[in-house]
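Me: I've got a model open and I'd like to talk through its packing and charged contacts. Can you take my questions one at a time?

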Amino acid sequence: MNKLLALVLVLFSTLTWADNRSWSESEKTWGIVTANLMLLDYTTTRDMTHRYNEGYYEKFNPLLGQHPSTSTVDLYFVTAGLATWLIADNLDEYRKPFLQAVSALELV
């Protein structure tokens, strides 16, 4: 469990490892905000996988389904984090609006 959490933390932090020479300070800030919101979503969703017997279920992500396994949640968020970084790093002038949109989705 600790190794997996460490791996996920490293992968999520890749949003801040982008070739940020071309990122404005505002874009860097939004990258950090987005990564942290995704990490928060990941931890709460992963915790939920151990609490189905308490009535918890996934409400907002149709890709995960209502009762995803822990490994499905891990795979989804690692993939989503890397995809977000790759897309943001290649968007140039649309980077900030993209990161803001991802952050808004994560807040839901």
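Me: Let's start with Lys 96. Which helix does Lys 96 lie in?
Reply: Quick ground rules before that: this is a predicted model, where local features need pLDDT of at least 70, side-chain atom pairs count only at pLDDT 80 or more, and totals for chains, interfaces and linings use all residues. Residues are numbered from 1 along each chain as its sequence is written, and side-chain values use heavy atoms, with hydrogens and water left out. Helices here are DSSP runs of H or I with at least four residues (strands are E, at least two), numbered from the N terminus. On that numbering, Lys 96 sits in residues 95-107, helix α4.

Me: Is Lys 96 buried, partly exposed or exposed?
Reply: The cut-offs are under 20% relative accessible area for buried, over 50% for exposed, and partly exposed in between, using a 1.4 Å probe and protein chains only. Lys 96 has a relative accessible area of 30%, so the label is partly exposed.

Me: Which residues is Lys 96 in contact with, leaving aside its neighbours within four places in sequence?
Reply: Contact means heavy atoms within 4.5 Å. The C-alpha atoms of Lys 96 and Lys 28 are separated by 8.7 Å, with their positions 68 residues apart along the chain. The contacts of Lys 96 itself, beyond those sequence neighbours, are Ser 26, Glu 27 and Trp 30.

Me: Which residues are linked with Glu 27 in a network of salt bridges?
Reply: A salt bridge is a side-chain nitrogen of Lys or Arg within 4 Å of a carboxyl oxygen of Asp or Glu. Glu 27 lies in helix α2 and is buried, with a relative accessible area of 10%. Not counting residues up to four places away in sequence, Glu 27 touches Ser 22, Asp 92, Arg 95, Lys 96 and Leu 99. Its partners in the network are Asp 92 and Arg 95.

Me: How far apart are the closest N and O atoms of Arg 95 and Glu 27?
Reply: This pair links distant parts of the chain, with Arg 95 in helix α4 and Glu 27 in helix α2, 68 residues apart. Both Arg 95 and Glu 27 are buried. In their salt bridge, the closest N and O atoms are 3.1 Å apart.

Me: What is the phi of Asp 92?
Reply: Asp 92 lies in the loop between α3 and α4. At 48% relative accessibility, Asp 92 counts as partly exposed. Although Asp 92 is not a glycine, its phi is positive, at about 55°.

Me: How many salt bridges does the structure hold?
Reply: Two more examples first. Glu 25 and Lys 28 meet in one at 3.3 Å, N to O, and both lie in helix α2, three residues apart, about one turn of the helix. Asp 47 pairs with Arg 51, with the closest N and O atoms 3.1 Å apart. The structure's count of salt bridges is six.

Me: Are α2 and α3 roughly parallel or roughly antiparallel?
Reply: Axes are lines fitted to C-alpha atoms, for helices over the stretch in contact, and angles run from 0 to 180 degrees between N-to-C directions. Under 35 degrees counts as roughly parallel, over 145 as roughly antiparallel, 65 to 115 as roughly perpendicular and the rest as oblique. The axes of α2 (residues 25-48) and α3 (residues 70-89) come within 10 Å and cross at roughly 175°. The two helices are therefore roughly antiparallel.

Me: And α3 with α4: at what angle do their axes cross?
Reply: Thr 84, Ile 87, Ala 88 and Asp 89 in α3 meet Arg 95, Phe 98, Leu 99 and Val 102 in α4. This pair, too, is roughly antiparallel. The axes come within 9 Å and cross at roughly 155°.

Me: Which residues make up the largest nonpolar core?
Reply: A nonpolar core is a set of buried Ala, Val, Leu, Ile, Met, Phe, Trp, Tyr and Cys residues joined through side-chain atoms within 4.5 Å. Val 73 touches Tyr 42 and Leu 64, among others, not counting residues up to four places away in sequence. The largest core has five residues: Leu 39, Tyr 42, Leu 64, Val 73 and Phe 77.

Me: Which elements give two or more residues to this core?
Reply: In soluble globular proteins, nonpolar side chains tend to be buried together. For this core, the elements giving two or more residues are α2 and α3.
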